[in-house]
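Trainee: I have a new model open and don't know where to start. Can you walk me through it?

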Amino acid sequence: MYHTLQCWYNSGKYFPFKNFNIFYQQANKAESEAIFLIHGYPTSSFDWSKIWDGLSEKYELIAIDLLGLGFSDKPMPYPYTVEDHANQCIHLIEYLNLKSVHLIGHDLGVGIIQELLDRQLKGSLSFSIQSSIFMNGSLFAEAYRPRLIQKLMASFIGHLIVPLISLPIFSKSMQQMFDPNHQPNAEELKQWYEQLNFNQGKKCMVSLNQSIFDRFKHRDRLVNAMINSTVPMLLINGKNDPNSGQHMAMRYKTLIPNPQVIELEDCGHWTPWEQPNIVQKEIISFLATLDSKASN
C-alpha cells in the first residue's frame, strides 16, 4: 500500500514527553515481537512507510517522530542531544508497556541505538533490546563525511542559512543524497518539505545539526557499546551514500566483531526509501534467523 503523508498523520497518535507532544505510528499485532523504528534527520517516521505494511504482517511496529522533527512538537530553544532523543524512545517504549524490542535506526537513528545499547550494558533499561539493525548513519565519527552545508548549518552562521531554505533548495540538497537511479519525485520532496515546516520546524534545524556533531564527543562510549554488546546486529548500507556509504561499511567490518553487513548497490543514503523491497526482505530474513536460533 502507498501511504500518503496525510494518511500517515491521520492514523498516528501522540504521547506526552515532558511538556511536549510526540507523534508516533503503531501497527499493533497481538502476541507478536515488537520492532521500534527510529528515523533520521531532517525527516520523520514517514521514512518507514514503504516497508511498513510488509513488516506489520508479522511484527508489531512502533515508529517515533523525534522531538523537533516530523509531526512532533518543535520547541526552541531546547537541548537537543542524543541522550535526550534516547530518553524519548525509552519513554514511548515504557508508555506502551513493551518488555522487549528489536531496534531499527537510520541516519540520526543509528546514534540513538548506540546510546540505547550503552544503557542496556549498564543495566539501566526497563526493557530488553533483542537485536539492532543500522542503516546509513554516522556510526563512527572518523569515517563520517559531512557535506559542507551540514557543517555550515551547525556553525554560527546556521541561523542565517535557515530562512533561505526554500523548497527548491531543500529538494536539491535531498537529491544529492540519493543514488542517481533512485531519485525522489516532486511529490515526495514536497511531502518531506511539508514535514520540515510543520510546527515551524525550520527553527530547530541548527540545534538538531549541532546535536549530530556533539554526539561525536561520546564516540568511544557509543562505539564500545556496539563492540561489547551481545545483541545481534546487522548493518544494511547503501553503498553510494556520500556521507556514510561504502566507507562506513568498511569501518564497521573493521571494528565490529563478527560483523553482519548487507551492502546495497544502486542505493544512496535513504536506504528504506530507495530500496524498500530489498530492505524489507533483509530485515525479515535477519529476524527469522534469530527466531530459528532461539527455537533450537
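Trainee: How much area does the chain expose?
Mentor: About 12,300 Å². Carbon and sulfur atoms supply 52% of that. Keep in mind that this is a predicted model.

Trainee: And what share of the residues is buried?
Mentor: Buried residues make up 56% of the 296 in the chain.

Trainee: What about secondary structure? How many helices and strands are there?
Mentor: The chain has 13 helices and eight strands. Its radius of gyration is 18 Å, close to the 19 Å that the globule rule gives for 296 residues, so the chain is as compact as a globular protein of that length.

Trainee: What box do the C-alpha atoms fill?
Mentor: Roughly 55 × 40 × 35 Å, along the principal axes.

Trainee: Which contacts join residues at least 24 apart in sequence, as a percentage?
Mentor: Take the contacts between residues at least 6 apart. Of those, 78% join residues at least 24 apart.

Trainee: Switching to charges. How far apart are the mean positions of the positive and negative ones?
Mentor: They are 5 Å apart. The chain has 25 positive and 28 negative charges.

Trainee: Now the start of the chain. In what sense do β1 and β2 pair?
Mentor: Antiparallel, over five bridges. Strand β1 covers residues 13-17 and β2 covers 20-27. Phe 15 has Ile 22 in β2 as its bridge partner.

Trainee: What happens in the hairpin between the strands?
Mentor: Two residues sit between them. Lys 18 takes a positive phi there, near 55°.

Trainee: Where else is phi positive in a residue that is not a glycine?
Mentor: Asp 107 is one case, at about 60°. Asp 107 lies in the loop between β5 (100-106) and α4 (108-121). Asn 258 also has a positive phi, near 45°. Asn 258 is in the loop between α11 (246-255) and β8 (261-264).

Trainee: Is Asp 107 buried or exposed?
Mentor: Buried, because its relative accessibility is 11% and the cut-off is under 20%.

Trainee: And Asn 258, buried or exposed?
Mentor: Exposed, because 75% relative accessibility is over the 50% cut-off.

Trainee: Why point these out, along with cis peptide bonds?
Mentor: Because most residues other than glycine have a negative phi, and most peptide bonds are trans.

Trainee: So which residues does a cis bond join?
Mentor: Tyr 41 and Pro 42, with omega about 5°. Pro 42 lies in the loop between β3 (34-38) and α2 (49-56). The bond from Met 76 to Pro 77 is also cis, with omega near 5°. Pro 77 is in the loop between β4 (60-64) and α3 (82-95).

Technical notes. Residues are numbered from 1 along each chain as its sequence is written. This is a predicted model: local features need pLDDT of at least 70, side-chain atom pairs count only at pLDDT 80 or more; totals for chains, interfaces and linings use all residues. Side-chain values use heavy atoms; hydrogens and water are left out. Helices (H or I, at least four residues) and strands (E, at least two) are DSSP runs, numbered from the N terminus. The radius of gyration is taken over C-alpha atoms; the globule rule is 2.2 Å times the number of residues to the power 0.38. Buried means under 20% relative accessible area, exposed over 50%, partly exposed in between (1.4 Å probe, protein chains only). Contact means heavy atoms within 4.5 Å. Accessible areas come from the Shrake-Rupley method with a 1.4 Å probe; for residues, only the protein chains shown count as cover. Lys and Arg count as positive and Asp and Glu as negative; His and the chain ends are not counted. The place of a charge is taken as NZ of Lys, CZ of Arg, CG of Asp or CD of Glu. Two strands pair if DSSP finds at least two bridges between them.
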